[in-house]
Each structure stands twice: as C-alpha cells, then as structure tokens.
Amino acid sequence: MSKNNKLAAQKKRNFFEAFAKSKAPVVESSIAKKQVLEYAPNTTALRSNILKEDISNDEDTPGILQMEHHESKEDIDSLGQSIEENKEGGEEGEEEESTDFKLALLSSLQPSLSPETLLELLLTCNGSVSSASKLASSSSSLSPSKKQSTSIPTQSSLSTFLSPLQDPNQPPPPPQSTRKIPFPLPAIPKFKTLHLTTPSQVPYYTPATLHPSFLPPDTANQLLRECLAEAPSFGKYEFRLFERNVSSPHTASFFVKDEEMAIRHRRGYMYNGSVLEDIRTFTPTMHKIIPHLESFIRSQLTSRISTVYPHGQKLKHMLPPQKWHITSAFMNCYDGAKQSVGWHSDQLTYLGPRTVIASISLGVEREFRLRRVAPVVVDTTVPFEPDSSLDGKEGEEEGGSAGKQWKWQSEGQASIHLPHNSLLIMHAECQESWKHSIHPANNIQPHPIAGGKRINITFRCYRESLRPDKIPKCKCGVGCVLKTVQRVRERMGWYFWGCQVGNQWKDGDNDDNNDNYDNGGEGKGKKKEGGCGYLVWAKFDDDGDPIWE
Ligand SMILES: O=C(O)CCC(=O)C(=O)O
Ligand SMILES: [Fe+2]
C-alpha cells in the first residue's frame with residue numbers, strides 16, 4: 001500500500017473511531033465494557049500459547065477436524081486475508097493464567113487424558129479449567145483405551161474426543177444433542193485454517209450451521225437446472241452494487257418474491273450508491289421450496305435460542321424466529337475453480353441488525369470460509385440520543401471518557417465445504433462479527449448437472465421497517481448504509497447510519513475494518529473520498545426494528 005493510501009485509510013479510521021468515541025456517557029460505557037468482556041472470547045493467553053503447540057502435525061484423516069498453519073505473510077495474502085500483524089500486543093484485556101498452567105491444572109483433575117485432548121477441552125471451554133474438567137467427566141465418549149493413552153498417535157481431534165469411538169458393526173450413534181455449543185465461540189488461533197470436515201463440527205467453531213442433503217434430491221436438481229438457465233445472463237458489474245466493487249471473480253443476480261417487489265427494488269434500493277436494475281422474480285422451484293425452508297429456519301432458530309444464546313433468550317435486535325420469512329435472494333454463480341468471492345460481510349441496511357441468512361449450495365462443492373473480526377456483543381443498545389452535531393464532523397477525540405481502541409487479536413479462519421444440496425445458515429451473530437468468503441480452489445470435482453459451476457442462493461429477510469423510504473438520507477440526498485462499530489471498546493457493536501458515498505470503491509487499496517468488504521483478492525479497490533460524511537447512531541427495538549426520533 002502506498003504511503004498516501006495508508007494515510008487516507010488511517011484518516012478514515014480516525015474518523016470512524018472519533019465518531020464512535022464521541023459523546024460517551026461514563027456510566028453507560030462501563031456497562032458496555034462489561035458486556036464486551038463478558039461475551040468476547042477471553043482466550044488471549046490460550047491463543048498465544050497455542051501457537052507454540054504443533055497442532056498442525058495432525059495427520060490428514062478424513063472425517064475429523066484438521067488444522068492448517070499458514071507459514072508466511074505471502075501465504076496469508078494469497079488467501080485474501082487482511083491480518084494486520086502490527087496490531088498485535090498492547091492492551092489485551094484481563095490478566096489470565098497461562099495455558100501451560102491451565103493444562104497442568106486440568107491434567108491433575110483428569111490425569112488419564114492426553115495433553116492434546118486436554119488442550120482441545122480447554123479450547124472448547126474458552127479456557128475454563130472447571131468447565132473443561134466437567135465436560136471431560138460428563139462425556140461418555142472416552143473409551144477406556146483412549147482415557148489411558150498418554151497421547152493420540154494420529155489425530156488430536158476434537159471430534160475423536162467428542163464422538164464415541166465407533167464399532168463399525170454398530171449403527172451410528174444418535175446426534176450428540178447434549179453437547180453444548182459454546183457462546184462465545186472459541187478463538188481459532190491466528191494463521192490457522194481449521195478444516196471442519198463434518199457438519200456437526202460447524203457450530204462449535206463458527207456462527208453457522210450446515211445441513212447437508214437439505215432438499216429432496218429431485219427438487220435440488222430441478223432448482224439447479226433453473227438456476228443454471230438464469231446464470232448466463234448474470235453480470236459481474238453487480239458486485240459493486242452490493243459492496244463488492246472489486247472485480248470479484250464470479251457473477252450474480254438479485255431475486256425477489258414478486259413483480260411488485262421487483263418494481264420497488266428497481267426504484268429505491270441502493271447498493272453502494274446505485275440501484276440494482278437486474279431484479280428477477282423467484283423461479284418456480286424457489287417458490288416451491290420457500291415454505292419448507294422458512295419453517296426449517298424458524299425451528300432451527302428456536303432451538304438455537306434455547307440451547308446456545310445466553311439465558312436461553314434471543315439476541316437483542318434479532319427478529320423473533322416465527323417472523324423470519326423470505327423476501328429476496330442473491331444468486332451467485334462460480335464458473336470454474338478460480339471464481340471466488342473475497343472476505344466480506346453482507347450489507348445490513350435493509351436486513352437490519354442480527355439478520356439470519358439461509359444459503360443453499362448447488363452443483364460443484366466449494367470451500368466457504370469464516371473468520372471472526374470483532375467480538376459478539378450481546379447488548380448493542382445505543383443508550384443515548386443520536387447527536388446531530390456530530391453529522392459530518394471529522395471529529396477529534398473527545399474528553400476523558402472517550403473509548404479506547406479495541407485491540408482485536410486477529411484470529412484464524414474456519415473452512416467448510418459446501419456440497420450440492422447443502423443448506424448453510426448464517427446465524428444472527430454472523431454479519432456483525434464475522435466475515436465470510438468463497439475460497440479459490442486448485443481443482444474441483446465436476447458435477448453431473450452443473451459441470452464446473454457452483455450455484456449459491458442466499459435467501460434473505462428484508463424488513464418492511466427498513467424500506468428505502470424509511471431509512472435516513474444523508475446530506476447527499478442518498479439513503480444511508482447501516483454499519484456497526486468494530487474497533488472502539490465502549491461502543492462495540494453499536495449501529496450507525498452513514499453516507500453511501502464514503503462507502504464506494506475505486507481502484508487502489510483498502511484496510512478499513514469497518515467496511516463490509518475486505519479487498520484481499522484481485523482488482524484491489526480503495527474507498528472513494530468525498531461524500532458528506534453523515535453519521536448518526538442507529539437505534540433499534542428488541543426485535544431489531546428501527547426507532548426513529
Ligand atoms: O457463495 C456463497 O456461498 C456466498 C455468497 C455470499 O457471500 C453472498 O451472496 O453474499
Ligand atoms: Fe455474503
């Protein structure tokens with residue numbers, strides 16, 4: 001990155017940070033801080049120590065969790081990651097015992113377990129020795145032989161620990177419904193790619209769930225054929241319209257449930273400063289699967305709320321499960337191994353906070369990656385009135401109560417293979433705190449119907465309360481974009497409306513963590529300067545509908 005670009009990026013960050021720090025009520029900020037500390041994974045010591053462990057020595061055994069280490073900066077760059085190494089160190093939250101100490105303690109409580117297993121238990125339990133010990137004691141999955149072994153020769157895999165070691169002559173055990181999904185999720189060590197090779201592993205490391213063979217096979221094939229018939233006329237130009245103004249190497253189009261909505265979309269829905277013109281209506285099979293998909297998602301959300309989220313309650317601002325419905329979908333086509341999409345999170349503007357996205361994959365199996373970029377904050381309520389005097393102000397830091405920059409420790413990434421006819425649910429905490437990508441492949445297994453193509457449909461629930469005529473316009477007269485604070489501790493997770501123009505890309509470079517798109521791949525872009533700089537805090541009720549002043 002050139003010096004000028006670096007300065008511009010720094011200036012932009014300062015602007016967002018100053019905005020996010022401004023007008024901090026001292027009393028609320030301590031509450032916000034507590035929330036962040038409660039729900040951000042506190043695994044700093046664990047994480048740094050774990051890097052010294054040779055986790056990557058695991059053998060390449062199918063069906064189990066595997067870790068891969070990225071040796072060099074080049075390796076990371078080639079993956080399109082934006083890991084900023086100079087941001088390491090510094091402020092790291094609370095003091096914590098070292099991993100070695102915790103391992104020793106856990107080992108004294110569970111003397112029969114191998115060091116690898118103990119380490120994985122600690123990871124699973126976010127570094128809590130007592131929880132790890134309880135989990136080990138309560139698990140029926142440890143066969144005596146495994147308990148007695150001092151090391152696991154082939155694979156220090158969480159799944160080998162947590163799944164019963166199976167007699168191949170016996171039927172498979174029922175799904176392990178009793179194993180609790182941790183919240184927050186454990187950190188994936190920096191520079192590591194954790195290959196989640198079975199669907200059951202996915203929710204233990206990512207805010208997603210994977211459901212293979214979701215549709216009846218004939219329906220999936222029919223849907224694939226319909227999508228393949230649409231795909232040749234998809235455009236690349238649209239990526240910039242949903243915050244992907246890089247030559248993102250795949251094609252896409254936008255679908256809505258009926259013509260009335262298509263007309264509304266063509267008129268008013270803005271993506272990165274433009275309206276989408278190519279709006280299509282759902283294909284017959286999309287219509288056909290929607291009732292089934294909606295009821296499946298609702299039941300999954302209901303069960304996730306009771307089993308995963310704190311106090312068995314839905315996250316603040318999350319739509320109640322029964323209200324989740326499909327209004328629209330992006331359909332993506334990846335033609336060949338090299339087509340991909342870079343790191344991004346999906347734009348929240350019309351979806352609102354804590355949105356849930358249902359993603360169906362068809363045709364060639366490809367690798368989906370997820371990486372956490374900010375903690376999941378449970379209560380993101382903006383506790384004071386939006387202050388219009390902040391509008392457009394390239395603010396300096398304000399006063400002693402101004403927030404400290406959150407030193408987010410870069411994490412590794414999870415890799416999930418999405419086969420034909422799989423459903424991936426990106427859950428409520430996914431867009432605000434994680435980024436996702438489709439990784440370029442070296443080679444692919446051609447699909448009997450799709451050849452080298454992969455089709456993906458991301459079904460979405462647009463909110464009536466966030467229609468373009470309802471959301472704030474900036475001083476340029478354009479509808480704003482909805483974003484979250486990701487860098488300032490006391491404002492972490494708060495929402496704000498901002499000018500679209502400052503959100504557009506041009507050729508160059510970018511490293512603004514507050515953006516929805518990490519521009520790691522080809523055709524690097526840089527944020528366009530200009531715009532009116534409008535920023536105003538966004539307030540939402542418990543169910544995520546906006547509260548307007
Ligand atoms: O192709 C995929 O699985 C991901 C697509 C995606 O991220 C999107 O449509 O926003
Ligand atoms: Fe996406």
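Select ligand 1 and the residues near it (C-beta atom, placed from the backbone, within 6 Å of the ligand): Phe 330, Asn 332, Val 341, Asp 346, Ser 359, Phe 368, His 436, Ile 438, Asn 456 and Thr 458. This is a predicted model, in which local features need pLDDT of at least 70, side-chain atom pairs count only at pLDDT 80 or more, and totals for chains, interfaces and linings use all residues. Residues are numbered from 1 along each chain as its sequence is written, while chains are lettered from A and ligands numbered from 1 in the order in which they are written.

Colour the shell by class: four residues are nonpolar, five polar and one charged. Here Ala, Val, Leu, Ile, Met, Phe, Trp, Tyr, Cys and Pro count as nonpolar, Asp, Glu, Lys and Arg as charged, and the others, Gly among them, as polar.

Next, display strands β8 (328–335), β14 (434–438) and β15 (453–460), each of which supplies at least two residues of this shell. Strands (E, at least two residues) and helices (H or I, at least four) are DSSP runs numbered from the N terminus; the protein has 20 strands and 14 helices.

Turn then to the largest nonpolar core, of 91 residues, where Ala 208, Leu 223, Ala 358, Leu 362, Leu 424, Ile 425 and Ile 455 touch the most other members. Helix α13 (residues 284–307) gives this core its largest share, five residues. Such a core is a set of buried Ala, Val, Leu, Ile, Met, Phe, Trp, Tyr and Cys residues joined through C-beta atoms within 7 Å; buried denotes 20 or more other C-beta atoms within 10 Å of the residue's own, with C-beta atoms placed from the backbone.

Finally, select a separate core of 10 residues, including Leu 118, Leu 119, Leu 123 and Ala 136.

Technical notes
A residue is buried if 20 or more other C-beta atoms lie within 10 Å of its own, exposed if 12 or fewer, and partly exposed in between; C-beta atoms are placed from the backbone.
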